[in-house]
Every structure is written in structure tokens, then in C-alpha cells.
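Trainee: I have a model open and would like to walk through it with you. Shall we go step by step?

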Amino acid sequence: MFDALERLNPSQREAVEHVGAPLLVVAGAGSGKTWTLACRVARLVDRGVRPERILLLTFTRRAAREMLSRAERLTGERSVGRVWGGTFHSVGNRLLRLHGRALGLRPDFTVMDRTDSADLMDLIRGDLGLGTTERRFPRKDTLADIYSRTVNAGAKLRDVLERDYPWCADDLDGIRQIFEAYMARKREQHCLDYDDLLLHWHALARAPGAGERVSKMFDHILVDEYQDTNAVQADILAATRPAGEDLMVVGDDAQAIYSFRAATVRNILEFSERFPGTRIVRLEQNYRSTQPILHVSNAVIALSPQRHEKTLWSERASDRRPVLFTCLDEADQSDAVCRAVLEHREQGTPLKEQAVLFRAAHHSDLLEIELSRRNIPFVKYGGLKFMEAAHVKDALAVLRVLENPGDEVSWFRVLQLLDGVGPATARRLLAGLVPTDDGGVSPLTKLAEVAVPAQARRELDDLAAVARECTDDVAPAVQLERVRRFLQPVLVRRYDHAETRLRDLEQLEQLASGYPTRGRFLADLALDPPNSTSDLAGPPLLDEDYLVLSTIHSAKGGEWDVVHVIHAADGMMPSDMATGDEERIEEERRLFYVALTRARDALYVYFPLRYHRRNHAYEDRYHHAQLTRFLPEEVRDLFDGRATFEDAEVIEEMPVPAGSGAVGGVDELLRGLWAD
DNA sequence: AATATCCGTATTTTT
DNA sequence: TACGGATATT
């Protein structure tokens, strides 16, 4: 512990030792923020603060685990594991199960994920008869987006529609109706969506009596990645610690990349106004990257019109400049990445210490094929569609109906698994099954009497058997195994690749085997879904060396010796979904900045000159790409330029600039020969 | 009237 | 590839 404190720089030490007044730590990328937080937790425990009275709010559960295990190593105390650590959502979940009764919540409420919310809205839209006419009405995903944004920003629906969804503004009344019904149904069915976890936590914190009890549970509150919190999250903190005493937040406005989730950088900018007497500490020394990498990163963020008054510096000199790699096309880019990765491995950097980063999950598709072809193992973070897959949702829907028979969305899904039952029949059955209050007979026992098309009878009886066998005392993994047997014929009938899908369900059983109860398993799965291919693969893979592939969003907080940023082309980075709006472009710029600052020793940025158009498969059409606008000439000069091809090839491939008869500068060359 | 099936299209980022 | 919309089939 002493050693660790000695090694901190003065600002870090201040952040670790400070107690009392609210503390805002503005921590640049790579400035030892995670380490500082871990030291602070360790120091608090060292001083005699009981671990279970420390609340550590992080952006992912992984981040919390990481910090706590570091703190544990510092103090040598296993008790550090008792710290309340996790995301706002997971902590909200735990607190509400303990104290939610004060708000009229049952402790066994169901947590709905994003798609569940959208599905419930869709169900309601059908019931209300909205969107059935020719007039187009926002789709379920749009409805869920609008709802979430409105709630998280604490804004008026009318304003949100006008500003962010102008094409839906005409449907204000219908949307309002759906939202009203959505709230009521969730309440009846004991379901909470992601936003509810925050809203109810906020309500709990403000409730007379219960609010004080919750507030008194914690002596110290530490919040990481504060730039990516939203208005409700800031309100929760303010309600729990009105004067901000022993409240510490850490963040970096230059790394704010979650405004699409209604996060607002105002939280960090206005922290000291909200909590008078705030002590501000800045961490600007970067311990991660070499100076040439920082030159590039600083230059990129300096072009932002918003002021990020911070310049990172490092003592790590190096003569290895970042490399800007120009490639012919995507295939060429994949090839270049593979070669660079293997080259670094030859020189002693294991695959695990290298990462490939990209804007959108599918940007790595081609590379993944190439990596498999060359037998280079990799793990991909972000964009995992496992929970989205129809068969996984089917299996979970069955479990959820067992857990909470009032769960309408899950019933709707389960009933449609039966042969000959579509949306209409399912809707009709729903009316008879779902209890409006807790008075009646459990719908599970009614299953046997329900009238269904003849061909559905067998499967329905089997479902009733599942319900009888999967009592609460049966382990979740065993229940899942029973559900898989029920689903087997269903999957074969309904989907292609039933084999693969059934194997996915076996993976799900693996996941479930770590949980004591079905409820815990389901809530955890909704709050902390498997995020990488390694979360699903068994332990053997973890021993091996593997390359890391990650979306930039999922790479937040990570660092690697060698970082490869691919698709540095306009349209990919910034995404063309984000162009047109200044604010969103700036967020893309910060995203690019986050990617660059992940690198310790070597940084490669790849730019394919042209992209093949996938839509027209009949023709080998391609279009020429532009280098990302975030690398104008003055920034490019800080890179070493490299290309995967000889100049002559490019001259052949490149289109002749419009209006110019000269080719490849030959005229200039010749003229130079006979000019004096 | 309800379900099955086909076709076209659009596909960011995540608690 | 998965979803939504429209048409075909039971």
C-alpha cells in the first residue's frame, strides 16, 4: 500500500487522499484513472471505512471487477469484494429489490431489456389500433428510442419529438397514449425496464424515510466515466448526497461518446455549480502512450470546436511514429492488419496485447474471415447478437413466464411458438391467461384447459409439463435443459440451422450453471448480457493467446501495446448515420480520439481507398473512399505514411482527376527537364 | 379470418 | 440476416 502511494504523482495522490468536500477529477486518457480509483478504494478501506459502505459506480461490471481486484491486491484484504460495485443499472436493481417496497415494488420484479420494451410497445400499439391505417406510425424500435430519450433527458415529449424525431411529431397524441399504457402495463406486470431502474432509484432516494435509509448505507460514493452519465443519474447522486460530501466523480469531457443514450457532458461541466465547494483535480500526465502517439491524439482533438482544455503529455519518448496505412480495398486492409499483427507477435508482442478497433460491429466481418483463414485466434467485444437471436429469446421467454406469469411480452412470444398459433391467436389467449391482479389462479395451471388449434395440443401439454417440473427449487441450468427439450421440435419446425441453435442453448445452460436462482439469472442476463465471444466460450480459450477485436465503444477504458484502427474513411468514421449534425460529428471525433488513445507503443490507422458495393452483387462495382475528415493534412504529417502497393498500381487504379488531361504528373516531369 | 410465405430493404454505438 | 409489409394459402 505504501509503495503504491509513493508511486502516485501529486495530483493522483490528492485524488486518493482527499476526503470531505465533493471531488471532481478530470482525468485525461491514460492518466492512471483506474489505478487512482483503485488506490482510493484501497486507502479508504485501509483507513477503516467498511467496504460495504463504499459505492463504486462504473460504466460496465467488468470495470468494477477490475478496479476492485486491484484494490484487493493493494490491501491484501478479501473484504474489498464487499464494496457495492457495478453499473448504475445493476446497483439500482439491487437497491430496489432490497428497498423497493417503499415504492410499492415487489422484490421479485422482472427486468426488461431494450427489445422487451419495444415488443411491449408494439403489443400496446396493436391493442390501441394505432398504426393499422394507411398512415405510417413510428415503429416499435423508434417508439422505444423516443421513450428512453425523453425519460433519460428529463425532457418534454413534445420537445424531443420536434428536435430529434421531427417525422413523428404528428403522432404526438398516439405516442403519448402508448406511453401511458406502457407505464400502466409494466406496473401491473411487475416489470421494470432499464430506465425504470434509474427512475425508481431516483424516486427511492427522494422518498421520505426510505431515502435517508439508502443514503445512510454509504459513507463514500465514487463514480467513474462521469462524462457518460445522463440527467437522471446525476439527479440520483444529488438526491443521495445533496451537499456532495464524500462524493467523487471522475471523467473526461473529451471522451464523451454516449450522447445517443442521452448522456450529457453537462453533468461534468456543471458539477462544481451543482455541488458548491467542489475540489477539482486534473490528471494530465499520460502514462500509457508514447509521445508520438499523444501528438497525433492531441492534434485530432484540438480540431474540435469545443474546448477540451487539456493537453496530454508523456515521459515516454519514442522514435516510432504512428503509421497511416493506405490500402487498396477492404480485403487488402484485412491482409495488412494480419501481417502487421503477426509481425508484432514475431517481435514479442503477444496477440492479447494487440487490438483491432472499429466504429461498428460489422466493420470487422471481412477481417474475421481472414483471421480464421490464417488460424489467428481472436475474441470479439461488442455488437454481440447472442441475446437478440430468436431461439435464445424463445428459451428465455419460457423461463420468464415461469418466473413471472404476469409477463405479457414473454407470454406473447411463448404462445406463438406453438404450431398454428400466430399473433392473433396469441393475443386472444393472452386475455385469458395474464392475471390483471394477483387474485386469480396462476395462468400456468390454466394452460391445460386453454383452447388452441389441434396441432398445438401436444406442444402445449409439454409446455404445461415444463411448468410443473421447473419449480423454484430446481437449479436454473436444469430448468433450461428442460426448456431445451421442449423447444427442440419447435426449433426444428420453425428455423433453419436448428442444430446450431440448440447448441447455443447449451451455451446458455453453461451461463446459467453459475446462478443459484432463476430470478438472479434472468435479471443478470438482462443487465449484464454476454458482451464478447469469450463470455460464451468456455475457459480453455482464455488460456490461449488471442487477438482482441472491439467496437470503439466497448474498448473504452481498455489499453493495448499495439492498436490497429481500421476503416478510417469518411462514412465509416464518422459513420454516415451521424453526419449532417454538428454535435454528432463532434461525438464521432471524440470516438476516434478514444480509439487512438488506447495505444501504448504502436498505433496503426488503416484507410481503404475503395469499397465494393455489396448491394449490386451482379457487378463488381466499387466507389472511392475519402480519408476520414478527422485527419486533415496537418495531422497526417504526424504519421508515417505507408501503402500496401506500389505507386504504379495506384496510378492505374485511380480515376483521372476531372478536367485534367495530364496523367500521373508526366507532363510536369517532362517540363521540368527542359525548363531551366 | 388467421397464418404462412415470399420478397425487398436497411444495417451505429449499449445499460 | 432479420424484420416488416404484402400477397398467397389454409
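Trainee: Which element gives the largest share of the surface near DNA strand B?

Mentor: Happy to start there, keeping in mind that this is a predicted model. In all, 25 residues surround DNA strand B, the closest being A361, G382, G422, A424 and T425. Two elements, α20 (423-433) and α28 (552-555), give two or more residues to that surface. The largest share, three residues, comes from α20.

Trainee: How many charged residues does the surface near DNA strand B have?

Mentor: Go through it by class. That surface has ten nonpolar and 13 polar residues. The charged residues near DNA strand B number two.

Trainee: And which residues are around DNA strand C?

Mentor: Here the classes give a nice lead. The surface near DNA strand C has no polar residues, but two nonpolar and two charged ones. With Ala counted as nonpolar and Lys and Arg as charged, that fits the residues found there: A389, A390, R139 and K140.

Trainee: Let's turn to the sheet. Why is one side of β11 and of β17 left without a neighbour in the sheet?

Mentor: Good one to reason out. The open sheet has seven strands with parallel pairing, in the order β11-β12-β10-β13-β14-β9-β17. β11 (378-381) and β17 (640-643) therefore each have a single partner strand, as they stand at the edges.

Trainee: Which residue in β12 does A355 stand opposite?

Mentor: Strands of a sheet pair through backbone hydrogen bonds, either parallel or antiparallel. Strand β10 (residues 354-358) and strand β12 (residues 547-551) pair in the parallel sense, over four bridges. Opposite A355 stands V548.

Trainee: What angle does the direction of helix α16 make with that of β14?

Mentor: Helix α16 (residues 330-346) packs on this sheet. Among the strands that α16 touches are β9 (323-327), β13 (560-565) and β14 (599-608). The directions of α16 and β14 make an angle of about 160 degrees.

Trainee: Last, the core: which residues have the most contacts inside the largest nonpolar core?

Mentor: In soluble globular proteins, nonpolar side chains tend to be buried together. In chain A, 41% of the 676 residues count as buried, and the largest nonpolar core has 172 residues. Y606, for one, is in contact with F325, C327, A336, V337 and V565, among others, leaving aside neighbours within four places in sequence. The residues with the most contacts inside that core are V25, V41, V565 and Y606.

Key
Residues are numbered from 1 along each chain as its sequence is written. Chains are lettered from A and ligands numbered from 1 in the order in which they are written. This is a predicted model: local features need pLDDT of at least 70, side-chain atom pairs count only at pLDDT 80 or more; totals for chains, interfaces and linings use all residues. A residue is near a molecule or strand if its C-beta atom, placed from the backbone, lies within 6 Å of it. A residue is buried if 20 or more other C-beta atoms lie within 10 Å of its own, exposed if 12 or fewer, and partly exposed in between; C-beta atoms are placed from the backbone. Two strands pair if DSSP finds at least two bridges between them. Two residues are in contact if their C-beta atoms, placed from the backbone, lie within 7 Å. Axes are lines fitted to C-alpha atoms, for helices over the stretch in contact, and angles run from 0 to 180 degrees between N-to-C directions. A nonpolar core is a set of buried Ala, Val, Leu, Ile, Met, Phe, Trp, Tyr and Cys residues joined through C-beta atoms within 7 Å.
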